[in-house]
Amino acid sequence: MFRVKVVVTGPFRSGKTTFIKLATSGQSIHIGHKGITVGLDFGTIKYDGMTVHLFGTPGLNRFSVIRDIVAKGARGFILVLDSTNPNSILEGREILKEILKLNGNIPCVILANKQDLPNAIPIEKIKSLFANFPVIPGILTKGIGIKESLALLLSQINKIKTMILNQA
Ligand SMILES: Nc1nc2c(ncn2[C@@H]2O[C@H](COP(=O)(O)OP(=O)(O)O)[C@@H](O)[C@H]2O)c(=O)[nH]1
Ligand SMILES: [Mg+2]
């Protein structure tokens with residue numbers, strides 16, 4: 001059985017905990033304080049014959065040490081952003097740079113969340129800020145964007161796996 005670690009990261013209150021909770025139909029574990037993730041979120045799902053371990057990181061910068069530990073060994077990242085908050089998008093770009101610095105050229109999918117809110121920045125604008133990465137619109141409280149982003153990320157991870165197996 002192919003097991004894969006996927007990390008759901010992003011700025012504070014962007015929707016990471018909601019992503020993992022809904023992706024696992026409420027079966028996830030959340031280590032937090034007053035609704036804020038200070039430790040991690042964790043849940044396992046089956047997808048396309050794979051066992052996918054989803055790890056959510058804390059978003060606050062003062063927990064960035066925990067973020068780096070949780071991210072270790074990840075095969076891919078889902079970067080969740082709050083589309084209504086320009087700072088969330090700017091911080092997301094910084095987190096993405098950090099991911100690429102620590103993990104090399106690893107698959108990353110951007111999930112532009114909270115697209116249900118009237119002040120959400122349009123998806124095309126967010127796409128233009130993340131030129132080389134796929135950007136998926138999300139309304140995570142309704143589960144929208146979860147399957148789409150996981151499918152895309154796991155297909156990218158699978159391509160790399162096939163490449164490595166063919167070289168072996
Ligand atoms: N309107 C709206 N609110 C959302 C959406 N996704 C998450 N939220 C809310 O945003 C807040 C932060 O979500 P949470 O998953 O805890 O964010 P985290 O800090 O990234 O783990 C919570 O109150 C969620 O209910 C969404 O798609 N639309
Ligand atoms: Mg959280």
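Guide: Let's start at D48, which is found in the loop between strand 3 and strand 4. Helices here (H or I, at least four residues) and strands (E, at least two) are DSSP runs, numbered from the N terminus. This is a predicted model, in which local features need pLDDT of at least 70, side-chain atom pairs count only at pLDDT 80 or more, and totals for chains, interfaces and linings use all residues. Residues are numbered from 1 along each chain as its sequence is written, while chains are lettered from A and ligands numbered from 1 in the order in which they are written.

Visitor: OK. Is D48 buried or exposed?

Guide: The yardstick counts other C-beta atoms, placed from the backbone, within 10 Å of a residue's own: 20 or more is buried, 12 or fewer is exposed, and in between is partly exposed. D48 has 11, so it is exposed. Its phi is near 55°, a positive value in a residue other than glycine.

Visitor: Which sign does phi take at S25?

Guide: Positive, near 50°, and S25 is a residue other than glycine too. S25 sits in the loop between helix 1 and strand 2. With 10 C-beta neighbours inside 10 Å, S25 counts as exposed.

Visitor: And helix 1 itself? How many of its residues are buried?

Guide: 7 of the 8 residues, in the run 16-23, so helix 1 is largely enclosed by the rest of the structure. The buried ones are K16, T17, T18, F19, I20, K21 and A23.

Visitor: What do those buried residues pack against?

Guide: Packing is read through contacts: two residues are in contact if their C-beta atoms, placed from the backbone, lie within 7 Å. The buried residues of helix 1 pack against strand 1 (2-9), strand 2 (29-33), strand 3 (36-47), strand 4 (50-56), strand 5 (76-82) and helix 5 (146-167).

Visitor: There's a ligand too. Which residues are closest to ligand 1?

Guide: A residue is near a molecule if its C-beta atom, placed from the backbone, lies within 6 Å of it. 17 residues surround ligand 1, and the closest are G15, K16, T17, T18 and L140. Helix 1 gives the largest share of that shell, 3 residues.

Visitor: How do I read the shell around ligand 1 by class?

Guide: Ala, Val, Leu, Ile, Met, Phe, Trp, Tyr, Cys and Pro count as nonpolar, Asp, Glu, Lys and Arg as charged, and the others, Gly among them, as polar. On that scheme, the shell around ligand 1 has 4 nonpolar, 9 polar and 4 charged residues.

Visitor: Now the sheet. In what order do the strands come?

Guide: Strands of a sheet pair through backbone hydrogen bonds, either parallel or antiparallel. The working rule is that two strands pair if DSSP finds at least two bridges between them. Here 7 strands form an open sheet in the order 2-3-4-1-5-6-7, with mixed pairing. The edge strands, strand 2 and strand 7 (135-137), each pair on one side only. From one strand to the next, the twist averages 20°.

Visitor: How many bridges join strand 1 to strand 5?

Guide: There are 4, and the two strands run parallel; V6 stands opposite G76 in strand 5. Strand 5 and strand 6 also pair in the parallel sense, over 6 bridges, with L79 opposite I110 in strand 6. Farther along, 3 bridges join strand 6 (residues 108-113) to strand 7, which run parallel, and I110 stands opposite V135 in strand 7.

Visitor: Which residues of strand 5 cover each face?

Guide: In a regular strand the side chains alternate between the two faces of the sheet. In strand 5, G76, I78, V80 and D82 are on one side and F77, L79 and L81 on the other, all buried.

Visitor: Which residues touch the most others in the largest nonpolar core?

Guide: A nonpolar core is a set of buried Ala, Val, Leu, Ile, Met, Phe, Trp, Tyr and Cys residues joined through C-beta atoms within 7 Å. The largest has 35 residues, and V6, V7, V8, I78, L79 and L111 touch the most other members. Leaving aside neighbours within four places in sequence, V6 is in contact with V52, L54, A74, R75, G76, I78 and L153.

Visitor: Last one: what does helix 3 lie across?

Guide: Axes are lines fitted to C-alpha atoms, for helices over the stretch in contact, and angles run from 0 to 180 degrees between N-to-C directions. Helix 3 (residues 86-103) lies across strand 1, strand 5 and strand 6, at about 165° to strand 5. S88 is found in helix 3 and is buried, with 23 other C-beta atoms within 10 Å. Not counting residues up to four places away in sequence, S88 touches P11, S14, L81 and D82.
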